[in-house]
Amino acid sequence: HISPFYHALTMALDGWILALCRVKIHVTGLEKVPTDTEYLFVSNHRSNFDPMVQWWALRRWRLAFVSKPSNMRKFVIGPFVRRCCFLPIDRENARNALTTINAAADLIRAHECSFAIYPEGTRSKSGKLLPWHAGSLKIAQKANVPIVICSLVNSRAILRNMFRKHTEVWLDVLDVIPAEELAGKTTIEVGERVHAVMEAGVVRREQAQGLR
């Protein structure tokens, strides 16, 4: 279960760090996020700050992340996020990855929290979407919940601007795929749909802000 104490403390630290780093978050499409069910949140990944930005912007919902195992072992951070139901996933070990997928689906079905994943598996340094690990999308199918598709733009600039000037990042909730539309689909089919929506959203936002 999520520890209320650790969740509140970690959320406060998250907000404090973002404020200290002078991050200004612009959020659009928040009204699309379901309020009557848990969901699987899917986003592109460009910076170590991405989970912090998204966790803070979506603090109205109880959201946990599926992350690489090394993050769970980090000093201070690891014990905190584990008590917030963050789960490690070893993408190089199919059996261990399936265990994590099943655990996330179980927590969603138990109404403990929603989950967030980065199908790219690692941060994109080029800014373009990397090849996907579509298997993690099975979480939504196993838990019978919708997929919330998001794009995050300009988070890579946070580290570069830190303590010197503020950084504007854009978090756009692009679309929601209802649970019933996921039934009977392969993860490849679902992944292609999510990828197309996300890629278009990233390009549109970067063009609008003069970043492309």
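Which residues of α8 are buried? Select helix α8, residues 187–208. The buried ones are Thr-187, Val-190, Gly-191, Val-194, Met-198, Gly-201, Val-202, Arg-205 and Glu-206. Buried here means under 20% relative accessible area, exposed over 50%, and partly exposed in between, with a 1.4 Å probe and protein chains only.

Before going on, note that this is a predicted model in which local features need pLDDT of at least 70 and side-chain atom pairs count only at pLDDT 80 or more, while totals for chains, interfaces and linings use all residues. Residues are numbered from 1 along each chain as its sequence is written, and side-chain values use heavy atoms, with hydrogens and water left out. Helices (H or I, at least four residues) and strands (E, at least two) are DSSP runs, numbered from the N terminus.

**Stop 1: helix α8**

Stay on α8 and look down its axis. The buried residues fall within an arc of 125°, so they line one face of the helix; the arc is that of the directions from the helix axis to the C-beta atoms. On the other side, Ile-188, Glu-192, Arg-204, Gln-207 and Ala-208 are exposed. From its first C-alpha to its last, the 22-residue helix reaches 31 Å, close to the 32 Å expected at 1.5 Å a residue. That expected span is 1.5 Å times one less than the number of residues.

Now show what covers the buried residues of α8: the cover includes β1 (23–28), β2 (40–42), α6 (138–143), β6 (147–153) and β7 (167–177). Contact means heavy atoms within 4.5 Å. After α8 comes Gly-210, with a positive phi near 70°.

**Stop 2: the sheet**

Select the strands next. They form an open sheet of seven, in the order β1-β7-β6-β2-β5-β3-β4, with mixed pairing. At the edges are β1 and β4 (87–88), each of which pairs on one side only. Two strands count as paired if DSSP finds at least two bridges between them.

For one pair in detail, take β3 (residues 63–67) and β5 (residues 114–117), which run in the parallel sense and share three bridges. Pick Ala-64 and look across to β5, where its bridge partner is Phe-115.

**Stop 3: helix α5**

Move to helix α5, residues 94–109. This helix has 16 residues and spans 22 Å between its first and last C-alpha, close to the expected 22 Å. Color Ala-97, Thr-100, Ile-101, Ala-104, Ala-105, Leu-107 and Ile-108, the buried residues of α5. Seen down the axis, they fall within an arc of 160°, so they line one face of the helix. Their cover includes β3, β4, β5 and α6. Just after the helix, His-111 takes a positive phi of about 60°.

**Stop 4: two loop residues**

Select Leu-58, in the loop between α2 (50–57) and β3. Leu-58 is buried, with a relative accessible area of 1%. Leaving out residues up to four places away in sequence, Leu-58 touches Leu-30, Val-33, Phe-41 and Leu-63. The C-alpha of Leu-30, 28 residues away along the chain, is separated from that of Leu-58 by 8.4 Å.

Then go to Ser-47, in the loop between β2 and α2. At 8% relative accessibility, Ser-47 counts as buried. Not counting residues up to four places away in sequence, Ser-47 touches Arg-123, Ser-155 and Arg-156. Its side chain reaches the backbone oxygen of Ser-155 at 3.5 Å.

**Stop 5: cysteines**

How many disulfides does a search of the whole structure find? The search finds zero, a disulfide being a pair of cysteine sulfur atoms within 2.5 Å. For Cys-21, the nearest cysteine sulfur is that of Cys-84, 19 Å away. For Cys-84, it is that of Cys-85, 7.8 Å away. Cys-21 is buried at 4% relative accessibility, and Cys-84 is buried at 0%.

**Stop 6: positive phi outside glycine**

Finish with two loop residues. Arg-22, between α1 (4–20) and β1, has a positive phi near 60° and is partly exposed, with a relative accessible area of 39%. Phe-163, between α7 (157–161) and β7, has a positive phi near 70° and is exposed, with a relative accessible area of 56%.

Definitions and conventions
A polar contact is a pair of N or O atoms within 3.5 Å; within protein, one must be able to donate a hydrogen and the other to accept it, and residues adjacent in sequence count only if both atoms are side-chain atoms.
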